[in-house]
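Here is a note for a colleague who has not met this structure before. Please read the points with the model open beside you.

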Amino acid sequence: MRIPAQSVCTAIRDDIVAGVHERGGRLTEELLARRYGVSRVPVREALRTLEAEGFVVTRRHAGACVAEPTEQEAADLLEMRVLLEPLGASRAAQRRTEAHLKVLRGLVRLGQERARQGNSDDLRSLGGWFHETLAQASGSPALTSTLAQLRHKITWMYATEGPSDPVEYWAEHGAIVDAVARGDGDRARAVTALHTERASAGHRLRFGPGSAAGAGRADRVRNAQHPVNMPSLRP
């Protein structure tokens, strides 16, 4: 069975974000095919996609390598998210479906419950699902795709600190959903802008002067085979 290039792309991207493939490191088709248990054809296609997304660069005499973004490029990503997340919320207020609202409300209820319990690991995942669903509710595939790429890159470039007050943090999520449910685009935009700006303050660059590069994170799994059809990978 031929493994789709999209699945290979997701696997390689996830490993870049996790630090398995280090910044500046070479990405050899043969080694990647062996690692993910596929032929070189989907690997080649995946690398082209990742280059278009900015995760990979092609260098003369070296071939495909993991990109090495600058501090300015990393800062631009946070600024872009501060601009685009509120736009997505405003669009969601006009275009959301009842199914979107049901999921968003469920995530808020669960997030508030976990916040009161102090379960930070669950909160991180729930926050990601919340913002993915909010973007999908915008009804704009282009905006949804752009925000997804931003989240991947920000996770790759920044270490994040949990909110100082998780209960208040999830109350902000609740306020966003309330505005979206009422169809109040201006309110949804304003609340999301404030929420995103506050969240951005908890990001710490993983590289550059004074940063912690997370040495050793890749050592856990760098040499392990990682077939793309394993359930642990996101679809």
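1. A definition comes first. Accessible areas come from the Shrake-Rupley method with a 1.4 Å probe. On that footing, the accessible surface of the protein chain comes to about 12,600 Å². Carbon and sulfur atoms hold 50% of that surface. Please keep in mind that this is a predicted model.

2. Now the overall layout. The protein chain has nine helices and four strands. Along the sequence their order is α-α-α-β-β-α-α-α-α-β-α-α-β. The chain has 235 residues, and 43% of them count as buried. Take the contacts with a separation of 6 or more: 75% of these link residues 24 or more positions apart.

3. Look next at the hairpin. Strand 1 (residues 56-59) and strand 2 (residues 63-66) run antiparallel and are joined by four bridges. Three residues lie between the two strands. One residue in the turn, His-61, has a positive phi of about 70°. Within the pair, Val-57 stands opposite Cys-65 of strand 2.

4. A word on cysteines. Is Cys-65 buried or exposed? Cys-65 counts as buried because its relative accessibility is 2%, and the cut-off for buried is under 20%. Cys-9 is buried too, with a relative accessible area of 4%. The count of disulfides is zero.

5. Helix 3 deserves a check of its length. It covers residues 40-53, which makes 14 residues. At 1.5 Å a residue, the helix should span 20 Å. The C-alpha atoms at its ends are 20 Å apart, so expectation and model agree. Just after the helix, Gly-54 takes a positive phi of about 95°.

6. Which residues of helix 3 are buried? They are Pro-42, Val-43, Ala-46, Leu-47, Leu-50 and Glu-53. Seen down the helix axis, these buried residues fall within an arc of 140°, so they line one face of helix 3. The face turned away from the buried side carries the exposed residues Arg-48 and Ala-52. The cover over the buried residues includes helix 1 (5-18), helix 2 (29-36) and helix 7 (141-157). Strand 1 and strand 2 are also part of that cover.

7. Helix 5 can be read in the same way. It runs over residues 98-117, a stretch of 20 residues. At 1.5 Å a residue, a span of 28 Å is expected. The end C-alpha atoms are 29 Å apart, which agrees. Gly-118, just after helix 5, has a positive phi of about 75°.

8. What about the sides of helix 5? Its buried residues are His-100, Leu-101, Leu-104, Leu-107, Val-108, Gly-111, Arg-114 and Ala-115. Viewed down the axis, they fall within an arc of 160°, so they line one face of the helix. The face turned away from them carries exposed residues, among them Glu-98, Lys-102, Arg-109 and Gln-117. Helix 6 (120-136) and helix 8 (166-182) are included in what covers the buried residues of helix 5.

9. One last residue to inspect is Ser-90, in helix 4 (residues 71-95). Why does Ser-90 count as buried? Its relative accessibility is 14%, and buried means under 20%, so Ser-90 qualifies. Which residues does Ser-90 contact, leaving aside its neighbours within four places in sequence? They are Gly-185, Ala-188 and Arg-189.

Terms used:
Residues are numbered from 1 along each chain as its sequence is written. This is a predicted model: local features need pLDDT of at least 70, side-chain atom pairs count only at pLDDT 80 or more; totals for chains, interfaces and linings use all residues. Side-chain values use heavy atoms; hydrogens and water are left out. Buried means under 20% relative accessible area, exposed over 50%, partly exposed in between (1.4 Å probe, protein chains only). Contact means heavy atoms within 4.5 Å. Two strands pair if DSSP finds at least two bridges between them. The expected span of a helix is 1.5 Å times one less than its number of residues. The arc is that of the directions from the helix axis to the C-beta atoms. A disulfide is a pair of cysteine sulfur atoms within 2.5 Å.
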